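Please find below my comments on the aromatic contacts, set out as numbered points to be read alongside the model.

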Amino acid sequence: MTTWITVGMLAVLGRAVPVQAQVTGTVAGKVTVAPGGDPLLGASVGIVGSPIGAITRADGSYRFSLRPGTYELRVRMLGYAGKVETVVVTAGGTVTKDFVLEKSTTQLEAVAVTGSRGGERTIVSSPVPVDVISTTELRATGRVETAQMLQAAAPSFNFPRPAVADGTDHVRPATLRGLAPDQALVLVNGKRRYTSALINNNGTVGRGTSAVDLNAIPASMIDRIEILRDGAAAQYGSDAIAGVINIILKGASPGGASVQAGQFNTDVDGLGRRTDGGNVTASADQGITWSNGGYLHAGVEYRNRAMTNRSFADPRVQFGATDPREATANRLTHWSGDAATADVVGMVNAAHNVNESLQLYGFGSFGRRDGRSTGFFRRPVQTTQVVAKIHPNGFLPNIESNIDDLSGGIGAKGSAKGWDWDLSQVYGRNAFQFIISNSNNASMGLNSPTTFDAGTLGFAQALTNFDVTREFQVQNRPLRVSSGAEVRWENYTITAGEEASWVNGRQPVLDANGVPVRNSAGNTTPALPGSQVFPGFTPNDATDQSRTAFAGYVDLESDLTKQWLVGVAGRFENCSDFGSQATGKITSRYAFTDQIALRGAASTGFRAPSLQQSFFTSQATTFVNGLPVDIKTLPVASREARLLGARDLTPENSVNLSAGLTLQPTKSFTITADYYDIAISDRIVLSENFIGTGIQAFFAANGFPSVNGGRYFTNAIDTETTGLDVVATGSTSSETACCG
């Protein structure tokens, strides 16, 4: 997919040459920094309201072509106060315009496209809180993963690090404003990003959700990240309850290369020093540009992270109280910490300006992650789970992952009859394969393998968007009108694992010689079926489910007075599996002075139940009161789940209220404080585990003799989340300091 986009974009370039030949004027100049006059590399110089422009070179110079006319020329770069000048381009002439920029002491000078469908705004003029985090700020955190960088730079973003959580160790979910990972919408270049096929089922942050894998996006390809900290379902659609994270890729900017390495050296009480978690990250990216601001930027990143272990000795019985091996048993058997992962990820971002009214663009990504984490140690005394002749000292089972990502998008945007428009098509897919190693299927006895293909989860999304916007003058006041439509197709699959990973081989518990163990009555004990730590997906679990969603929105925004901004938005969405949903939003900002302003918003929102929540099914070992219990997660529409009380899932609904204050008493100091109240009804969670002898008998009668309990997803709880985000930014010199 990525290669096709690149080739396609280059083909477009060839067709566009005759059109470019019509351009007869030139704009050129140099951008420097005050004081001192040093050249500024990487500043964006372009025409306001047009994709035409250029990026400054190492000597601060820029140059691009234009048709004759009068234009507003703007220069900007994060960390510097932008400027706008008027230029008049004549046929065959060259207009020279130099800029001298001053370092900005506040992030509020930054311009964001997220949060207002009517066009870009500086952060200080936005009616809702928006953070803009540049690639420089991300790199300055010293972290090596995109999500870790974002956690260090954004006050409302959190990236937990679960351990011993099956697949969640490999695709770790992130949260915004303390809500669920799937309640924040992630965009790339303004287009919805697909989620991971994995659903988090263990007792970790984000349990029961499928999140976007932010680490599948190479940090070296990010120009900036815009975080809208406000409900925005009426503007952007399902999932935008907590807010929106918009990742803008590098375009017409210079590239670079870097290598970073490190490891942990940790003192563990009573166990001495551990040296582990070594990591190496290498990245390279490069951008090329051509006349009129066209560009192609590509990058690749390699990350290799070793496991960390923060576990202590296991005091429990290993072999049995009467077994002489108990006295010399190795008790450092468990592993708890970061999973081992090796990633290769890459992205490409390209655009070509046919003329000042039409731009063609494309972007795409690929990714491969191989991961390894562990489950709980299977002690030799756990004879129903351990084939003693294969693993005489017990075993620590591994969950290995092969995760593949692929995405691509193409589009065109421009202006016609006073309207700015954008038409795009984006596709993305994620596949998560489970490989279980250093394990056994105890029910197969001595015939059990120790490595199993436990099956694969898949999720795909295709997205078609068409958006338009225009500014009208109503009673001498601007009215910005935005509207658009979206068609979204989603597909979720479960592919069964190999037979040995799930089959009940019906072998009893065996001793160290491979002989069945019998009690005093001569009876044997059944061994547990399935690969230990993660039984494979069975043929009955396999599924292939799809749905479509259609949506349309209208967004109106106007400066009623010079000080007072008001915006309203409404969206209607229809999904093939749960019906229709309407949402709305109103925003307002009032500036008492240039230094003091009040802002606030009220909105309704929703999150559609994911296909993963509706159709995921598997059998997994869960520890209840310290004892292993095999629990079956049931699709809500299954006969077994219905008998347990399951109902069709419905959307989560929210009411978001926020109010904030922005203060800029001096040019070198700003404070923003934003209070929020988010009430969510019908949140989707996993039910309790239904266990007990009655439940076991119930499942045995329905074809699941080895399952001790069941659970399913359900709209079960209502929550209210309140908080206060305070961000202060200031400096005591030419450098900027920030805390939040």
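1. In this predicted model, ring pairs join F432, F434, F534, F537 and F616 into a cluster. By the pairing rule applied here, nine aromatic pairs are counted.

2. Outside the listing of that cluster, a pair worth inspecting is the one formed by W419 and F472, whose geometry is edge-to-face, with 5.8 Å from centre to centre and 75 degrees between the planes. This pair links distant parts of the chain, since W419 belongs to strand β25 (residues 419-437) and F472 to strand β26 (residues 452-474), the two residues being 53 residues apart. W419 is partly exposed, with a relative accessible area of 27%, and F472 is likewise classed as partly exposed, at 29% relative accessibility.

3. Returning to the cluster, the ring centres of F537 and F616 lie 6.2 Å apart and their planes meet at 85 degrees, an angle over 60 degrees, and therefore the pair counts as edge-to-face. Here too distant parts of the chain are linked: F537 sits in the loop between β27 (477-496) and β28 (543-559), while F616 sits in the loop between α5 (611-615) and β32 (618-624), 79 residues apart. Both F537 and F616 are buried.

4. Two contacts between a charged side chain and a ring also deserve a look. R310 lies over the face of F264, at 5.9 Å from the ring centre, and the charged end of K413 is placed over the ring of Y361, 5.7 Å from the centre of that ring.

Methods: Residues are numbered from 1 along each chain as its sequence is written. This is a predicted model: local features need pLDDT of at least 70, side-chain atom pairs count only at pLDDT 80 or more; totals for chains, interfaces and linings use all residues. Side-chain values use heavy atoms; hydrogens and water are left out. Rings of Phe, Tyr and Trp (its six-membered ring) pair if their centres lie within 6.5 Å; planes under 30 degrees apart count as stacked, over 60 as edge-to-face and the rest as tilted. Helices (H or I, at least four residues) and strands (E, at least two) are DSSP runs, numbered from the N terminus. Buried means under 20% relative accessible area, exposed over 50%, partly exposed in between (1.4 Å probe, protein chains only). A charge sits over a ring if NZ of Lys or CZ of Arg is within 6 Å of the ring centre and within 35 degrees of the ring normal.
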